[in-house]
Amino acid sequence: MAEMGSKGVTAGKIASNVQKKLTRAQEKVLQKLGKADETKDEQFEQCVQNFNKQLTEGTRLQKDLRTYLASVKAMHEASKKLNECLQEVYEPDWPGRDDANKIAENNDLLWMDFHQKLVDQALLTMDTYLGQFPDIKSRIAKRGRKLVDYDSARHHFESLQTAKKKDEVKIAKAEEELIKAQKVFEEMNVDLQEELPSLWNSRVGFYVNTFQSIAGLEENFHKEMSKLNQNLNDVLVSLEKQHGSNTFTVKAQPSDNAPAKGNKSPSPPPDGSPAATPEIRVNHEPEPASVATPGAALPKSPSQPSEATEVAGGTQPAAGAQEPGETAASEAASSSLPAVVVETFSATVNGTVEGGSAAGRLDLPPGFMFKVQAQHDYTATDTDELQLKAGDVVLVIPFQNPEEQDEGWLMGVKESDWNQHKELEKCRGVFPENFTERVQ
């Protein structure tokens, strides 16, 4: 209690504050019942409505700006990874490699500079702007209490004046208390009557400066980024001109478990001819007797002719079957393919059944609606937000108060936290929906 002072509060001061609260409560009840009049100031009430609207709009703008900054950071990371990929595939003997690396470095610096300037020129300004609201809000509430005290003192003084048996001492004391209460109230009222309209009018300049700063920073950022992209395009055009007409030999990579075909390696194709297609060999463990039963019909592989006759019960193959002159590699590929299909199908079916059983056994939080998976990292900017890493699975639950849900935000609990703690109060939080993708 702010009015009770510090540690040295006496018993009399405590009693005085308690009595003051009781008097205020009694006065409010009488006013609501219509048994006591209430001092009204419609102009001030309009100022308070404007103040609350301004605070709501500013808080929303601050939250959206933080979401925007988080998105800029996510785009920076995505751009950085894309450039790292280009650096890895760009071979050392290709022209323009150093230029491409330099462009990637400048790209990274440009993103960092853009993000930092947004923080300095927009977010910090927003925090300063909203920093003045809590004190004024507290003073508005205090003015309301002092107004109740003033009305209560006024009613008490009036009742003593109209009483049949007048006590001049009590009347004098009540008048003194009335004057004191009126002075305290009017001092606070005058200050707020001046500050609130001024604060309300300041929002225009603040919005203009904030969005002008963001627009200017975006404009400069995109101009500089456009130059870097044009430079990268020039490097790649130069690479295409020098190497676009050349033919590169594609060599088959030896497989550890492939059977040796001899010590001779295949000779490369002549210059200017299409590169030889590397031989594909599928190897797997021998099939159990229950799968590869002698004489049983095998499914057709795409490599077999459509008019080939199925083998059944020892019947000889019909015309169009494989001739002895065909390569052993073709035989191995066509005979082994069905087994691979069977194994893949079996693994898929087993995985589906097992995954379904596991999902059925999962202990889900109350009100669970669906699952999402984070596609990007998200850094929480408030205590009620979830910190996400790409790949995190979140169990989405409804808001306790639907009116608190902002557009584009979901309430949930990370699956790992739920499985460990089983306590919503400790684990749940809000997160931006556009950073995730629904998986169930």
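Axes here are lines fitted to C-alpha atoms, for helices over the stretch in contact, and angles run from 0 to 180 degrees between N-to-C directions. The model is predicted.

## Exercise 1: overall make-up

Task: state how many helices and strands the protein has, and in what order they run.

Solution.
- Step 1. Count the elements. The protein has eight helices and five strands.
- Step 2. Walk from the N terminus. The order is α-α-α-α-α-α-β-β-β-α-α-β-β.
- Step 3. Add burial. The protein has 440 residues, and 26% of them count as buried.

## Exercise 2: α3 against α5

Task: classify the packing of helix α3 (residues 97-130) and helix α5 (residues 168-243) as parallel or antiparallel.

Solution.
- Step 1. Recall the descriptors. Two packed helices are described by the angle between their axes and the distance between the axes.
- Step 2. Take the values. The axes of α3 and α5 come within 10 Å and cross at roughly 175°.
- Step 3. Apply the cut-off. Angles over 145 degrees count as roughly antiparallel. Therefore α3 and α5 are roughly antiparallel to each other.
- Step 4. Sort the contact by class. The contact of α3 with α5 holds 17 nonpolar, seven polar and five charged residues.

## Exercise 3: α2 against α3

Task: repeat the analysis for α2 and α3, then find a residue pair that links M75 to a position 36 residues away.

Solution.
- Step 1. Read the geometry. The axes of α2 and α3 are 10 Å apart, and the helices pack at an angle of about 170°.
- Step 2. Classify. This angle makes α2 roughly antiparallel to α3.
- Step 3. Sort the contact. By class, α2 with α3 gives 18 nonpolar, eleven polar and six charged residues.
- Step 4. Locate M75. It sits in helix α2 (residues 42-89).
- Step 5. Find the partner. M75 and W111 are 36 residues apart along the chain, and their C-alpha atoms are separated by 8.6 Å.
- Step 6. Check exposure. M75 has a relative accessible area of 48%, so M75 is partly exposed.

## Exercise 4: the length and bend of α3

Task: compare the expected span of α3 with the distance between its end C-alpha atoms, and locate the kink.

Solution.
- Step 1. Estimate. At 1.5 Å a residue, the 34 residues of α3 should span 50 Å.
- Step 2. Compare. The end C-alpha atoms of α3 are 49 Å apart, which agrees.
- Step 3. Look for a bend. α3 has a kink of about 35°, centred on V119.

## Exercise 5: a contact distant in sequence

Task: decide whether C47 is buried or exposed, and give its separation from L196 in sequence and in space.

Solution.
- Step 1. Place the residue. C47 lies in helix α2.
- Step 2. Apply the cut-off. Buried means under 20% relative accessible area. C47 has 11%, so C47 is buried.
- Step 3. Compare separations. C47 and L196 are 149 residues apart in sequence, yet 6.1 Å apart in space, C-alpha to C-alpha.

## Exercise 6: the sheet

Task: give the strand order of the sheet, name its edges, and trace the pairings.

Solution.
- Step 1. Write the order. The sheet is open, with five strands in the order β4-β3-β2-β1-β5 and antiparallel pairing.
- Step 2. Find the edges. β4 and β5 (436-438) each have a single partner strand, so one side of each is left without a neighbour in the sheet.
- Step 3. Add the twist. Neighbouring strands are turned by 50° against each other on average, direction ignored.
- Step 4. Start at β1. Four of the five residues of strand β1 (residues 370-374) are buried, so β1 is largely enclosed by the rest of the structure.
- Step 5. Pair β1 on both sides. β1 joins strand β2 (residues 393-397) over four antiparallel bridges, with K371 bridged to L395. β1 joins β5 over three antiparallel bridges, and A374 stands opposite T436.
- Step 6. Move to β4. Strand β3 (residues 409-414) pairs with β4 over four antiparallel bridges. L410 faces F431, and M411 has V430 as its bridge partner.
- Step 7. Assign sides in β4 (residues 429-432). G429 and F431 point one way, V430 and P432 the other, and all are buried.

## Exercise 7: a positive phi

Task: state where K422 lies and what its phi is.

Solution.
- Step 1. Locate it. K422 is in the loop between α7 (415-421) and α8 (424-427).
- Step 2. Read the angle. Phi of K422 is near 60°, a positive value in a residue other than glycine.
- Step 3. Check exposure. K422 has a relative accessible area of 36%, so K422 is partly exposed.

Notes. Residues numbered from 1 in each chain as written. Predicted model: local features only at pLDDT ≥ 70, side-chain atom pairs only at ≥ 80, totals over all residues. Heavy atoms only, no water. Buried < 20%, exposed > 50% of the residue type's maximum accessible area, 1.4 Å probe, protein only. Helix = DSSP H or I, 4+ residues; strand = E, 2+ residues; numbered from the N terminus. Pairing = 2+ DSSP bridges. Parallel < 35°, antiparallel > 145°, perpendicular 65-115°, else oblique. Nonpolar A, V, L, I, M, F, W, Y, C, P; charged D, E, K, R; others polar. Expected span 1.5 Å × (residues − 1). Bend = angle between axes of the 7 residues up to and from the residue.
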